[in-house]
2 protein chains.
Amino acid sequence: MREAGVDARKKRILQAIIEDYVLTAMPVGSRTISRKYETSLSSATIRNEMSDLEEMGYLAQPHVSAGRVPSHKAYRLYVDGLLQQEVAADEGAKAFFTDQIRPTEDVATAAAQALAELTRYTAVVMMPKQLELRVSCLQLVPMPKGAALLVIVTDTGAIRDTVIRVSERLDSDALFSISRLLTERLAGRTLQEVQEMLGAYARMNGPDARVLEGIASLAAQMEKQSAQDTVIVAGSHNILNYPEYSDVEKARAFLTALEAKEKLTHLLSHHDAPFMVHIGSESSIADMQDCAIVTAGFPVGRGHRGAVGVIGPSRMPYDKVLSALGAASHVLGELLGE
Amino acid sequence: MREAGVDARKKRILQAIIEDYVLTAMPVGSRTISRKYETSLSSATIRNEMSDLEEMGYLAQPHVSAGRVPSHKAYRLYVDGLLQQEVAADEGAKAFFTDQIRPTEDVATAAAQALAELTRYTAVVMMPKQLELRVSCLQLVPMPKGAALLVIVTDTGAIRDTVIRVSERLDSDALFSISRLLTERLAGRTLQEVQEMLGAYARMNGPDARVLEGIASLAAQMEKQSAQDTVIVAGSHNILNYPEYSDVEKARAFLTALEAKEKLTHLLSHHDAPFMVHIGSESSIADMQDCAIVTAGFPVGRGHRGAVGVIGPSRMPYDKVLSALGAASHVLGELLGE
DNA sequence: TGTTAGCACTCTCACTCGTTGAGTGCTAAC
DNA sequence: GTTAGCACTCAACGAGTGAGAGTGCTAACA
């Protein structure tokens, strides 16, 4: 019993099995390997090797007379190999993302959509929570019929707006004065402080109460939104393209699982390495036991990090997905980092 | 051969079949009707009636020893009956929508999501194109690091914004002066005119060129967006809940068809009656031949009308869907009408 | 003339039973 | 250590069968 670990030939065979299985989604037989990949070895030899690999837990047989299917452990070995190499940033993909993601739009949504389109899998983008956001500017823009658009800009460049009602008498100059006054008093304050201060201002005979209320509620909403990581999902029904999900029940379970974003957030928030790969049960999301989740982090300023990911069947061309993610995270980092 | 049309009893039986089929999705047998709906008649009698109804094209048999399934013609008759009555506005649904749709958010998206959640079908909302939009206000809001948020408000209350770069020297007062100057000159102009005028202003030594460019591009984008009907889809994968789509291929075809929005737009744009129902092939969307599309119109001001709709299998509780749509269109009309 | 009971008939569905083919494990020879 | 050969296993497929659901038709009844 001195069978060593996985020697070079076993590794080659394992890789060949993975690649064939990724391509075809069918159990791979020894004859296939001997003819398409390791032409110098007979199927019998491959058979012996496969038998060893199975015993070591890298392969599984759906049933005795079927070929072999890679186990999660096999993917893990394969992916760890990939991750040790430099992940090549795919220039084509980078160009694609640069093209699709307009800095003036909602970058996260655009990125998720572009990534889903490119990989034909489900894509997710996580934007981290930003605590202690400080107001940088606050402005009222006149609108028809006694309404005004209240815009709050934070020091990180986040923008939020809402329509509020104001007195019909306030013209654009008056609104500007109010905006200036409010910006003067509130600039540099955290959203939390802004809400607290508004109570005191209610007694001030400056802006009318509806303006103050509007600010308070928008500040509250902003704080709530920014105080938690948000996840954006795109291309969720790409999953239907894969035979793993040709069963509607499974597909539905998957899509439902995507809607419970807490688990996803959790997964994407703890992102210490540049790339991470969760295979099968490693992700701890039930209904995604047959999936792999590949993610990449990117900086969003102030030392915070967001993450972008691809979710698909464990049978996935990890090399391609990794380089697409590399490109996506690169482009996002450039847009959102300091 | 003087069999008259559909007499009252035939209508009752047809309705019973439709209602049972909507509930169970299984072909309905004569015995079921005789026991659950028309208890005073024997199954044999029902059988004779069903045979007549089949001959008239209202029923079909999947195979000879299965029960009957309503044809599109049957749904049409049934729905026309419903439409002649006043569609009862479901107060519960109305409350639900009022609750879910915040006037300060993107109303169309919120409405689509709420409707999808309520009906458990796919929901669509169409916002009509608005030609000749006129600028009502234009304002630059200061942002950190030599950026500014350009906000354009139209006379209809539509808001669009984009981040542009401006000279670092411009403080909030300077930006306000520019805003005031620009609003003065551009207010009341159509988006088209604004773009044309900006060429002339390029020679003006007021605001810097990047501001003018920003305005031009935002105006162009606004014009493009407002010049075509837009459709928002929500709850697209609710379709997986129905046995009609337990085949993944069908589900995928449906979801793909939803992505080609032109057909949907076309359908929703020609909305003359308060309610419309397209059953099966009436919608002229391939891949939705087994679907029904139920829509309701609502006013969005200036005589324009939007539409909100539900897409699901033809086997659909039309009464419930109609009253949900009634509630949705009512709430939308109140928010968006004059 | 409309309604009903009864019965033969049809067709799907679920199950079983060979047959086929792919792929393996083992053995013996190289 | 590698390979050819062979027996073995098991899923997939098709054919055959019985049960059950539902119909159409006929004849009797009110």
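## The surface near DNA strand D

Sorted by class, the residues that form the surface near DNA strand D comprise six nonpolar, eleven polar and four charged ones. The model described here is a predicted one, and the values in this report are to be read with that in mind. In total, 21 residues surround DNA strand D, and the closest of them are A:Arg9, A:Thr45 and A:Val64 from chain A together with B:Ser30 and B:Arg68 from chain B. Helix α3 of chain A and helix α3 of chain B each supply at least two residues of this surface, and the largest share, four residues, comes from α3(A).

Of the atoms of DNA strand D that lie within 4 Å of the protein, 78% belong to sugar or phosphate, while the rest belong to bases. Contacts of both kinds can be named. On the phosphate side, a polar atom in the side chain of A:Arg9 lies 2.7 Å from a phosphate oxygen of DNA strand D, and a polar side-chain atom of B:Ser30 lies 2.5 Å from a phosphate oxygen of that strand. On the base side, a polar side-chain atom of A:Ser65 is found 3.1 Å from a base oxygen of DNA strand D.

## The surface near DNA strand C

DNA strand C is likewise surrounded by 21 residues, of which the closest are A:Ser30 and A:Arg68 from chain A, and B:Arg9, B:Thr45 and B:Val64 from chain B. Sugar and phosphate make up 78% of the atoms of DNA strand C that come within 4 Å of the protein. The residues of this surface divide into six nonpolar, eleven polar and four charged. Helix α3 of chain A, residues 43-55, and helix α3 of chain B, also residues 43-55, each supply at least two residues, with the largest share, four residues, coming from α3(B).

Among the polar contacts with DNA strand C, a phosphate oxygen lies 2.7 Å from an N or O atom in the side chain of A:Arg68, and a phosphate oxygen is 3.4 Å from a polar backbone atom of B:Ser40. A base is approached as well, since a polar side-chain atom of A:Arg47 lies 3.3 Å from a base oxygen of DNA strand C.

## A five-stranded sheet in chain B

Chain B contains an open sheet of five strands, in the order β7-β3-β10-β9-β8, with antiparallel pairing. Its edge strands are β7 and β8, each of which pairs on one side only, and from one strand to the next the twist averages 20 degrees. Helix α6 of chain B, residues 107-119, packs on this sheet and touches β3, β7 and β10, and its direction makes about 155 degrees with that of β3(B).

Strand β3 of chain B, residues 122-127, is mostly covered, with five of its six residues buried. With strand β10, residues 304-313, β3(B) pairs in the antiparallel sense over five bridges, and here B:Val124 stands opposite B:Gly309. Strand β7, residues 230-234, is also antiparallel to β3(B) and joined to it by five bridges; in this pairing B:Ala123 has B:Ala234 as its bridge partner.

## A buried histidine in chain A

A:His278 belongs to strand β8 of chain A, which spans residues 275-279. Because its relative accessibility is 11%, A:His278 counts as buried. When residues up to four places away in sequence are left aside, A:His278 touches A:Arg76, A:Leu267, A:Ser283, A:Cys291, A:Ala292 and A:Ile293.

## Two residues with positive phi

Most residues other than glycine have a negative phi. Two residues of this model are therefore worth pointing out against that general background. A:Ala25, which is not a glycine, has a positive phi of about 65 degrees; A:Ala25 is placed in the loop between α1 (8-24) and α2 (30-36) of chain A, and with a relative accessible area of 21% A:Ala25 is partly exposed.

B:Asp287 is not a glycine either, and has a positive phi of about 70 degrees. The place of B:Asp287 is in the loop between β8 (275-279) and β9 (291-301) of chain B, where B:Asp287 is partly exposed, at a relative accessible area of 45%.

Terms used:
Residues are numbered from 1 along each chain as its sequence is written. Chains are lettered from A and ligands numbered from 1 in the order in which they are written. This is a predicted model: local features need pLDDT of at least 70, side-chain atom pairs count only at pLDDT 80 or more; totals for chains, interfaces and linings use all residues. Side-chain values use heavy atoms; hydrogens and water are left out. A residue is near a molecule or strand if one of its heavy atoms lies within 4 Å of it. A polar contact is a pair of N or O atoms within 3.5 Å; within protein, one must be able to donate a hydrogen and the other to accept it, and residues adjacent in sequence count only if both atoms are side-chain atoms. Ala, Val, Leu, Ile, Met, Phe, Trp, Tyr, Cys and Pro count as nonpolar, Asp, Glu, Lys and Arg as charged, and the others, Gly among them, as polar. Buried means under 20% relative accessible area, exposed over 50%, partly exposed in between (1.4 Å probe, protein chains only). Two strands pair if DSSP finds at least two bridges between them. Axes are lines fitted to C-alpha atoms, for helices over the stretch in contact, and angles run from 0 to 180 degrees between N-to-C directions. Contact means heavy atoms within 4.5 Å.
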